[in-house]
Amino acid sequence: MKRLWSRREWILLILGGLALAVVLTWPTLRDPRHTVPGDIGDPTMFAWQVAWGGHALLHDPLHLWDSNTFYTDPHSLAFTDAVVGYAPFGMIGSGMDAAVLRYNILYVLLHALAFIGGYALTRQLGAHPLGATVAGVAWAYAPWRLAHDGHLNVISTGGIALSLAMIARGHGWSLRAGHRPERHSPWWALAGWLVGAWQVTLGLAIGLVFAYVMVAVCLVVAACFGWAWWRRGRPSFGRRLLAADLVGGLCFAAAAAFMGLAFARVVQLNPQADRGLGWTEMYSPAWRGLVLAPETSWLWGTRHAAARSHLPWAPEMTLLPGIALIVLAVIGTFISIFRVRHRILLALGILGAVLLTLGATLPWHGDPGYLTLSKHLPGWAALRTPGRMTMWTTLLLAILAAGAVSELVAGARATAPWPAAGTVRSGLLARGRFVALRLALLIPLVLVVAEGINRTPHPEVLRYPAAMSAAQEPTLVLPSVGSLEMSIMLWSTNGFPRIPNGVVSFVPAGQERIRSVSMTFPDPASIAALRSAGIRSVVVLPEWLGGTAWEAVPGRPIDGLGISREQIDGAILYRLG
């Protein structure tokens, strides 16, 4: 019966998580083929990324990193954080409409997975279902996430909590009951490592810190087992569980190496891509950012507008995990089903995460702290936005909150159990207390849900220019500048023609050369240079030329240049032959 209820619980969890994700990300699925949440910048780039990943897996998996954009520069998929783990989804459907639809579905699903992961972790640690639900909602829909509604790589964190939950279950460990060897499950442990490996492939912006956390956890656990062995003899572990950990750990390490080596190769090919500590100092948030929500928060956005205006870069510095969550976590520090020593460790973990989140704005300039890690840990210097460490603050706060809510549930059960048979009057009063207390227990859940409601805009993506379908590739699209480049990347999902267009935080050498020579297009020098680079067509979008270096292109003559020009639905197609 208990096993049957457990299955029902997880079925309800999954169905409820999906339904909640649809509601709290609404209106993402209202028009999922033509609109994207946030803006038409980063979401369109990530929609292209997923589509390209699927295309590469189907047609040329050995050249996954050599995308169709940034022609002629190699390894271009790794020019920015890549959500390679979503590539299998890109194998479903084709073309731009499918890319946008796929992105929106993933956007909803990643929120559902975050809720399920947060619930699973806190439930495994010993929380009551209501406490785990509160933790799952607070983790998946924390206000700070709304500032990253366009950063698929930052908000795809569900695998972190789910991986930790599976590994804890595989090792028979929880905060309430401690280590129970009789509950070891090598398959759960292996599954947890594999989920963690998949999580790492969703980008190193979040995955690199996760990898270091897992290394730290392994070292702490090994130290604890060594201490127990020295004090009481060999502790119970089991060869099968050890084998699962070794195999899973190797898969996790392989995934981290796969991603890390790809980005290291980019820095080797493009030294200008290396980010110095100046980036970290620039993006380090002020302490007040810890309690400020982004403007797209329904509950706090308008209320925090004045304070938010003083932040140098609000999208990376509005870090509120939730007022209700903070209050519940404070309560959970003192009143909880979890042991005192565990609560102390969780509180210390929160303090450490907060200090890392503030980066270089600490009085001692973040060294020791975030800048120290940037100087000494491989790859950490590329994580230029310390504010994203608030993810770990949120997770630890959610665990403390789950303990508090679970203790309140236990107290309500003891204070007002369902009344036994008795007089009518006493029975009614007892039932009234029972119902009132149960309803009061829902208040924390209502509060964390309210803080997760969004006001995220959902603009329409830019219409695909018909001239691109008529062009021979490789194709240059002008103007080649700014956020328009992300829409051009999305347009290229219609057939994946090779294009020198694209935008990242640095300018690759090949793209810089093509941009420079194209500014005088069409003239003999630019045409010769473009032909030499392999470009066979140029598509010009007149409505986007204003104020750019290519503004005069449509008015320049082409007589005697050996090229042709054609107007197609408001765009101009030049064929270079």
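Is C218 buried, partly exposed or exposed? Select C218 and switch on the surface: this cysteine is partly exposed, with a relative accessible area of 35%. Keep in mind throughout that you are looking at a predicted model.

**Stop 1: the cysteines**

Now add C251 to the selection. C251 is partly exposed too, at a relative accessible area of 31%. The closest cysteine sulfur to that of C251 is the one in C218, but the gap is 14 Å, so it is too far for a bond. A disulfide needs the two sulfur atoms within 2.5 Å, and by this rule the count comes to 0 disulfides.

**Stop 2: a greasy patch on the outside**

Stay with the surface view and select I11, I14, L15, L18, W26, L29, F89, I105 and L109. Together they make a nonpolar patch on the surface, with about 770 Å² of accessible area. Two elements give two or more residues each to the patch: α1 (2-24) and α3 (96-124). Of the contributors, α1 gives the most, with 4 residues.

Pick L29 out of that group. You'll find L29 in the loop between α1 and α2 (42-59). L29 counts as partly exposed because its relative accessibility is 31%.

**Stop 3: G38 and what it touches**

Carry on along the loop between α1 and α2 until you get to G38. Here the picture changes: G38 counts as buried, at 12% relative accessibility. What is G38 in contact with, leaving aside its neighbours within four places in sequence? Show D149, T456, P457 and P459, and you have the contacts of G38 on screen. Try a distance label between the C-alpha atoms of G38 and D149: they are separated by 5.6 Å, although the two residues are 111 apart along the chain.

**Stop 4: into the core**

Hide the surface and select W392 and V539. In the largest nonpolar core, which has 133 residues, these two touch the most other members. The element that gives the most to this core is α3, with 15 residues. You met α3 at the nonpolar patch as well, where it gives two or more residues.

Zoom in on W392 and bring up its partners. Beyond its neighbours within four places in sequence, W392 is in contact with I160, V209, F210, V213 and A353. There is also a second, separate core of 19 residues; to locate it, select some of its members, including I514, F521, V540 and I572.

**Stop 5: backbone oddities**

Switch to sticks for the backbone and start with two prolines. Which way does the peptide bond from E473 to P474 go, cis or trans? This bond is cis, with omega near 0°, and P474 sits in the loop between α19 (466-470) and β3 (475-478). Go along to the loop between β3 and α20 (484-491), where P479 is found. The peptide bond from L478 to P479 is cis as well, with omega near 10°.

Finish with two phenylalanines. F70, in the loop between α2 and α3, has a phi near 55°, a positive value in a residue other than glycine. F70 is buried, with a relative accessible area of 1%. Then jump to F496, in the loop between α20 and α21 (509-518). Phi is positive for F496 too, near 50°. F496 counts as buried because its relative accessibility is 14%, and the cut-off for buried is under 20%.

Definitions and conventions: Residues numbered from 1 in each chain as written. Predicted model: local features only at pLDDT ≥ 70, side-chain atom pairs only at ≥ 80, totals over all residues. Heavy atoms only, no water. Patch = residues over 30% accessible without salt bridge, like charges linked within 9 Å, V, L, I, M, F, W, Y side chains within 5 Å. Areas by Shrake-Rupley, 256 points an atom, 1.4 Å probe, with all protein chains shown as cover. Salt bridge = Lys/Arg side-chain N within 4 Å of Asp/Glu carboxyl O. Buried < 20%, exposed > 50% of the residue type's maximum accessible area, 1.4 Å probe, protein only. Core = buried A, V, L, I, M, F, W, Y, C linked by side-chain atoms within 4.5 Å. Contact = heavy atoms within 4.5 Å.
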